[in-house]
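This briefing covers how the chains are arranged, how the protein meets the DNA, and how one helix is packed.

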Protein chains: 2
Amino acid sequence: MKIAEVSEKFGISSDTLRYYERIGLIWPVNRTASGIRDYSDLDLRRVDFIKCMRSAGLPVEVLIDYVALVQQGDETIQARKEILKEQRALLAARMQEMQKTLDILDHKIEVYENAVLKKEKEIMQEQALEIA
Amino acid sequence: MKIAEVSEKFGISSDTLRYYERIGLIWPVNRTASGIRDYSDLDLRRVDFIKCMRSAGLPVEVLIDYVALVQQGDETIQARKEILKEQRALLAARMQEMQKTLDILDHKIEVYENAVLKKEKEIMQEQALEIA
DNA sequence: CCTTGACTTGGAGTTAACTCCAGGTGATAC
DNA sequence: GTATCACCTGGAGTTAACTCCAAGTCAAGG
């Protein structure tokens, strides 16, 4: 699969895909004889993983470290697990913050809703007075 | 309340508080005769609101627009509600993305956990062989 | 065969959101 | 009263994460 197809498939620009590879966020992708990237199924799964992690806000730097550990083999399993656990905790904390904000937004929207309804009612009564 | 105290209370730097005021993210704060900011209770509630919205990732630019509408009075209630509803939807979508990532992280952590346990077991068996 | 278009690289530019700095003023501690 | 400290402003600098650009190479269509 060529870079433009991968870009299309995941909604990530070709520039970003090359950037990710350059900084070590995804493994080096196989090339055709003329040097053009040819993404394998494994490459696609790696892109998908990084896309998922990035979409949740995990920092690029942390993910680079993680990928480097994966490349170093089985000896780093413990270290990888620790990274994921830490990022999992941070993510859960962010989500809790966001839930708090969501609740406040819902409350404010409801208050505004009531304010709008009240105003409409007043206007209707004014119109009723005009007709009377 | 002086800026350093507000900074302490909310965990927002004085620089950021001044920056927020400068760009219109929070209302102008009352000053003492010599020009020093003196945050009122209302100011504190505004800071708290902005802190909450920012912590959930609502863009500064959107919040500036929202605050400007609040300052324009009751005529803008409908427009304000629309902004909040849109941001609420975006926030919920981000949270869903993050939940997906959280699930994947939990799965991976579990896989790593099992890998670590398996390795420990192998080592124990080796030790048992040595002793035997 | 030649043009068009997708690909390549290294490096520069952009964006959002702060964060820091220099230079200056007023208030407080000793 | 003087030294230190928090505060002020306008503007410059930083950081993360892309995003764009110039200049060059290769492959396929007409």
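Ala, Val, Leu, Ile, Met, Phe, Trp, Tyr, Cys and Pro count here as nonpolar, Asp, Glu, Lys and Arg as charged, and the others, Gly among them, as polar. By that scheme, the surface near DNA strand C has seven nonpolar, three polar and seven charged residues; near means that a heavy atom of the residue lies within 4 Å of the strand. The model is predicted: local features need pLDDT of at least 70 and side-chain atom pairs pLDDT 80 or more, whereas totals for chains, interfaces and linings use all residues. Residues are numbered from 1 along each chain as its sequence is written, chains are lettered from A and ligands numbered from 1 in the order in which they are written, and side-chain values use heavy atoms, without hydrogens and water.

**Symmetry**

- A turn of 180 degrees with a shift of 0.0 Å along the axis lays chain A on chain B with an RMSD of 0.1 Å, superposed by least squares on C-alpha atoms of residues with pLDDT of at least 70 in both.
- That is the relation of a two-fold axis.
- Met95(A) is the residue of chain A closest to the rotation axis, with its C-alpha at 3.3 Å.
- The copies meet through the same surface, because 100% of the interface residues of chain A are also interface residues in chain B.

**DNA strand C**

- Arg18(A), Arg31(A), Arg37(A), Tyr20(B) and Arg54(B) come nearest among the 17 residues around DNA strand C.
- Of the atoms of DNA strand C within 4 Å of the protein, 74% belong to sugar and phosphate.
- Phosphate oxygens of the strand form polar contacts (N or O pairs within 3.5 Å): one is 2.9 Å from a side-chain N or O atom of Arg31(A).
- A backbone N or O atom of Ala4(A) lies 3.3 Å from a phosphate oxygen of DNA strand C, and a polar side-chain atom of Ser34(B) also lies 3.3 Å from a phosphate oxygen of that strand.
- The largest share of this surface, four residues, comes from α2(B).

**Helix α2(B)**

- Helices are DSSP runs (H or I, at least four residues), numbered from the N terminus.
- Ser14(B), Leu17(B), Tyr20(B) and Glu21(B) are the buried residues of α2(B), buried being under 20% relative accessible area and exposed over 50% (1.4 Å probe, protein chains only).
- These buried residues lie on the same side of α2(B), because they cover an arc of only 125 degrees around the axis, taken from the directions from the helix axis to the C-beta atoms.
- Exposed Asp15(B) and Arg22(B) are on the face of α2(B) turned away from its buried side.
- The buried residues of α2(B) pack against α1 (3-10) and α3 of chain B, where contact means heavy atoms within 4.5 Å.

Definitions and conventions. A polar contact is a pair of N or O atoms within 3.5 Å; within protein, one must be able to donate a hydrogen and the other to accept it, and residues adjacent in sequence count only if both atoms are side-chain atoms. Helices (H or I, at least four residues) and strands (E, at least two) are DSSP runs, numbered from the N terminus.
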